[in-house]
Amino acid sequence: MKTSFWVVIFLVVSLYSCTPGSDRQVADTSAKKYCTTCHSFPEPDMLDKQTWENHVLPAMAEKLGIEVLQGNIYLHHKTSVVGVKEWNAIVQYYKTLAPDSLPLSRPDTHLRDISALFTIRKPHLQSETASNTTLVAFDPAHHRILSGNAFNPSLSFWDRSMRKVRQVDVPSPAVAYLPGKQLVTCLGGMQASDKTIGQIVKVQMRSEPALFLDSLIRPVQTISADFNRDGLPDYLVSAFGHNRGGLYVFTQNVDLTFEQRSVQEIPGATQSVVRDFNRDGWPDFMTLFAHGDEGIWLFMNDRKGGFRSTRILRFPPVYGSSSFQLADLNGDGLEDILYTAGDNSDYSRILKPYHGIYIYTNTGDLTFRQTHFFPMHGCTRALAGDFDQDGDLDVAAIAFFADFRHGRQQTFLYLEQQKAAQGNHTDFIPATLPIGHEGRWICMDAGDWDGDGDEDLVLGSFSRGFLNQDDTRPDWNVYTPFIVLENTSAGKSTSRPASSLPAAR
């Protein structure tokens with residue numbers, strides 16, 4: 001459970017201790033009133049009883065200084081935030097209201113096969129080492145693919161024939177690439193940590209990686225813009241961290257040194273997109289926070305070296321926000337939000353019906369309304385593009401924490417957009433590719449890799465570990481680090497009309 005959820009527990013405890021005998025409905029209403037000042041209230045029905053009782057609540061108790069014995073017996077310590085009596089009331093609150101199990105989103109067994117749209121290409125590789133890819137990126141300017149290896153931190157360069165032409169060591173697992181600047185963001189380590197050991201390195205084909213920025217708290221993305229309009233590129237780093245973290249702007253000086261400025265210091269900064277949202281000529285940005293107080297924030301440039309923040313969307317702390325993208329999905333000239341929820345490497349490692357692909361339509365003045373949801377267990381990333389070259393945007397998505405017990409076809413989904421005859425309402429037809437046996441997809445990039453005018457995809461495979469379903473074992477290729485889905489579009493639709501994607505609930 002996310003860090004700021006401990007505040008929720010403290011508030012709920014206060015309600016139970018100061019209003020003895022009150023009925024459950026009153027306590028629930030009061031809890032929501034106070035807890036939403038910190039983040040969205042995690043309703044008991046968002047997890048099942050067993051997960052609350054045996055995983056989430058014991059973990060929270062330890063964070064609060066309460067000792068947990070075998071059988072979930074709680075012992076009070078003088079330093080604990082709450083007493084055992086109050087804590088047991090919290091446990092009973094969630095056990096009573098939580099369901100025995102959550103409804104599951106079963107894969108559609110009749111998804112269309114879009115093999116006619118994409119040709120699968122694999123790198124030339126002979127390896128006996130399991131793939132642990134954490135980064136894949138197209139670099140069309142240099143006609144190459146970059147891939148990052150986690151357990152033996154390195155960066156590999158692949159040419160147009162998909163042969164490895166170079167491999168260089170990097171300080172820690174590489175997770176993001178900034179083309180043009182040739183900067184690679186290195187996480188610092190795979191385990192959750194607040195250590196300032198993350199780095200950004202500059203990589204070039206014919207030289208060794210050079211340190212660019214260091215002492216970062218688990219950075220996961222770096223983007224560039226001239227935020228102060230002095231003619232020098234500045235850098236925005238999303239530092240996910242663990243209990244610490246945040247957004248940081250590194251302003252470049254004329255002597256090529258940097259001044260670090262904190263924009264928002266809360267953990268979970270995952271991904272940012274730069275735009276001039278108010279059209280004043282100064283770069284602003286929008287950021288996804290995916291830890292504790294999950295949501296999407298807008299940061300408007302104040303032209304004085306700072307940023308004014310506004311929350312655009314807020315998500316429950318159990319969602320596991322994993323990615324977002326700005327794209328004009330309905331063709332009305334306004335960029336919408338394509339968002340995914342599905343990070344499932346936490347205390348509540350169960351399949352969740354609210355994991356999947358969401359579309360929030362821009363209704364003007366930077367307000368957004370959910371218009372579509374497509375369930376996809378453990379959804380990791382979604383990218384919009386006109387992959388079939390029919391004039392509208394489609395969506396490609398991957399799921400790292402998929403439901404492997406009930407089939408692999410939802411590790412990759414393709415949503416083909418279909419415009420309705422009346423108005424600008426959009427529908428999407430789900431389809432897939434038979435690539436579940438090729439790897440386990442954790443990262444993805446899109447771009448015109450082969451230079452033929454359409455968008456291709458590259459999918460990176462992290463083949464072992466992080467299996468939440470105990471009775472499943474890898475039955476996919478564990479050696480191939482990535483595959484390329486080479487677009488063969490000829491400018492026509494690739495699937496027949498069918499039932500549309502479910503509307504927002």
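**Two cores and a covered strand**

Let me begin with the interior: the largest nonpolar core comprises 42 residues, and the ones with the most contacts inside it are Trp87, Met286, Ile296, Ile337 and Tyr339. I should say at once that this is a predicted model, and I will come back to its confidence at the end.

If we take Ile296 from that group and leave aside residues up to four places away in sequence, Ile296 touches Met286, Thr287, Leu288, Thr310, Arg311, Ile312, Leu313, Phe315, Phe324, Ile337 and Tyr339. Separate from this, there is a second core, of 21 residues, and among its members are Ala384, Ala399, Phe428 and Trp476. As background, nonpolar side chains in soluble globular proteins tend to be buried together.

Now to the strands. One open sheet has 5 strands with mixed pairing, and reading across it the order is β3-β28-β27-β26-β25. Its edges are formed by β3, residues 112-113, and by β25, residues 379-385, each of which pairs on one side only. On the β3 side, 2 bridges connect that strand to β28, residues 426-432, and the two run parallel; within this pairing, Asp113 has Thr432 of β28 as its bridge partner.

The strand I would like you to look at more carefully is β30, which spans residues 456-461. How many of the residues of β30 are buried? The count is 6 of 6, so by the under 20% relative accessible area cut-off the strand is mostly covered. In a regular strand the side chains alternate between the two faces of the sheet, and in β30 both faces are covered, with Asp456, Val458 and Gly460 buried on one side and Leu457, Leu459 and Ser461 buried on the other.

As for the partners of β30, strand β29, residues 441-447, is joined to β30 by 6 bridges and runs antiparallel to it, with Trp441 standing opposite Ser461. Strand β31, residues 482-487, is also antiparallel to β30, and 4 bridges join the two; here Gly460 has Phe482 of β31 as its bridge partner.

Finally, confidence. The average pLDDT for the protein is 86, and 87% of the residues score at least 70. Over residues 1-23, however, pLDDT stays under 50, although the model has 62 contacts beyond four places in sequence for this stretch. Residues 26-39 likewise have a pLDDT below 50, and that stretch has 32 contacts in the model beyond near neighbours in sequence. Where pLDDT is low, the predicted coordinates should not be read in detail.

Notes:
Residues are numbered from 1 along each chain as its sequence is written. This is a predicted model: local features need pLDDT of at least 70, side-chain atom pairs count only at pLDDT 80 or more; totals for chains, interfaces and linings use all residues. Side-chain values use heavy atoms; hydrogens and water are left out. A nonpolar core is a set of buried Ala, Val, Leu, Ile, Met, Phe, Trp, Tyr and Cys residues joined through side-chain atoms within 4.5 Å. Buried means under 20% relative accessible area, exposed over 50%, partly exposed in between (1.4 Å probe, protein chains only). Contact means heavy atoms within 4.5 Å. Two strands pair if DSSP finds at least two bridges between them. pLDDT is the predictor's confidence in each residue, from 0 to 100.
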